[in-house]
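The report below concerns the salt bridges, the open sheet and one loop residue of a single protein chain.

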Amino acid sequence: MTSVSAVGPIGINHVAQLPTDGTPIMHAGRKPPSLPWPDIGHLAKWSVSSYKFGFGPECLRDDDPDTFWHSDGPQPHFITVEFPRKVAIQKLSLYLSFPADDSYTPATIAVRAGTGLHDLQDVRAIHLDKPDGWITFDVSAEPSPDGDGFKPIHAYVIQVIILTNHMNGKDTHVRGLRVLGPFECVTIHDQTLPHLLAALIPIHRETSSDNEDPFPFVAPCFKMYERIR
């Protein structure tokens with residue numbers, strides 16, 4: 001069984017305290033946790049393998065702990081998230097509740113990613129024992145170059161597959177799902193850091209005496225705002 005680390009509220013100043021060995025993090029509580037990784041799920045189209053009326057994929061993103069996606073078909077069940085362009089995906093965060101859902105609670109989850117539905121490849125699998133809360137984990141098992149955490153997955157499509165449920169349950173309940181980007185695009189006070197820096201770029205361009213930038217941006221998330229027209 002994969003062990004799960006239980007943690008309290010997380011802010012930007014507490015990132016160093018998070019496990020970097022790939023251990024899933026369990027956030028106690030029903031509300032989505034405050035995380036340093038940006039939620040990029042709103043950029044994508046969401047679909048599911050099956051659902052009962054009123055319990056569709058919209059329940060995965062409504063931030064209501066009392067609603068849930070309820071599958072209505074044969075196993076395995078899956079959630080497919082399709083982006084219009086290739087994006088960097090760092091982590092997934094799911095809200096599961098064994099006390100509320102019993103045999104509908106996922107026990108084994110696999111993650112696949114690719115450029116389309118035709119070339120999805122397995123990138124991660126986790127096993128859960130009676131979870132109750134938000135579980136956050138890396139989608140990749142490939143270590144980052146600096147050895148601190150794991151590399152993000154760059155993909156157009158990511159798919160979460162419910163392979164088994166607790167107590168051999170057939171259909172499944174998932175009460176929330178977030179797709180999180182890399183930490184370099186961290187959100188601060190409802191604005192992304194690149195957006196904040198972009199507001200300063202015109203001032204820098206106007207006051208600079210030459211075209212050479214002595215402090216060029218390096219991270220892709222910053223470079224996309226390097227030129228403001």
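Arg-61 forms a salt bridge with Asp-39, the closest N and O atoms lying 3.5 Å apart, where a salt bridge is defined as a side-chain nitrogen of Lys or Arg within 4 Å of a carboxyl oxygen of Asp or Glu. This pair links distant parts of the chain, with Arg-61 in the loop between β3 and β4 (69-70) and Asp-39 in the loop between β2 (25-27) and β3, 22 residues apart. The model is a predicted one, in which local features need pLDDT of at least 70 and side-chain atom pairs count only at pLDDT 80 or more, while totals for chains, interfaces and linings use all residues. Residues are numbered from 1 along each chain as its sequence is written, and side-chain values use heavy atoms, with hydrogens and water left out.

Side chains of opposite charge can pair when their charged atoms come close. The structure holds nine salt bridges, and three of them are set out here.

| Acidic residue | Basic residue | Closest N and O atoms |
|---|---|---|
| Asp-39 | Arg-61 | 3.5 Å |
| Asp-63 | Arg-178 | 3.7 Å |
| Asp-101 | Arg-175 | 2.8 Å |

Asp-63 lies in the loop between β3 and β4 and its partner Arg-178 in strand β12 (residues 176-180), so that this pair ties together parts 115 residues apart in sequence. Asp-39, Arg-61, Asp-63 and Arg-178 are linked in a network of salt bridges. Within this network, Arg-61 is partly exposed at 28% relative accessibility, Asp-39 is partly exposed at 23% and Asp-63 is partly exposed at 42%, whereas Arg-178 is buried with a relative accessible area of 18%; buried means under 20% relative accessible area, exposed over 50%, and partly exposed in between (1.4 Å probe, protein chains only).

Asp-101 and Arg-175 form a salt bridge with their closest N and O atoms 2.8 Å apart. Because Asp-101 lies in helix α1 (residues 98-101) and Arg-175 in the loop between β11 (173-174) and β12, the pair ties together parts that are 74 residues apart in sequence. Asp-101 counts as buried at 3% relative accessibility, and Arg-175 counts as buried at 10%.

The protein chain has three helices and 14 strands; helices (H or I, at least four residues) and strands (E, at least two) are DSSP runs numbered from the N terminus. An open sheet of five strands follows the order β3-β5-β10-β7-β8 with antiparallel pairing, two strands being paired if DSSP finds at least two bridges between them. β3 (45-48) and β8 (121-127) stand at the edges with a single partner strand each, so one side of each is left without a neighbour in the sheet.

Strand β7 (residues 106-114) runs antiparallel to β8 and is joined to it by six bridges, with Val-111 opposite Arg-124 and Ala-113 opposite Gln-121. A hairpin of six residues connects β7 to β8. β7 also pairs with strand β10 (residues 153-165) in the antiparallel sense over eight bridges, and there Thr-108 has Thr-164 as its bridge partner. Eight of the nine residues of β7 are buried, so this strand is largely enclosed by the rest of the structure.

Gln-90 has its place in the loop between β5 (77-89) and β6 (91-97), and it is buried with a relative accessible area of 8%. Leaving aside neighbours within four places in sequence, the residues in contact with Gln-90 include Trp-37, Phe-137, Phe-150, Leu-180 and Pro-182, contact meaning heavy atoms within 4.5 Å.
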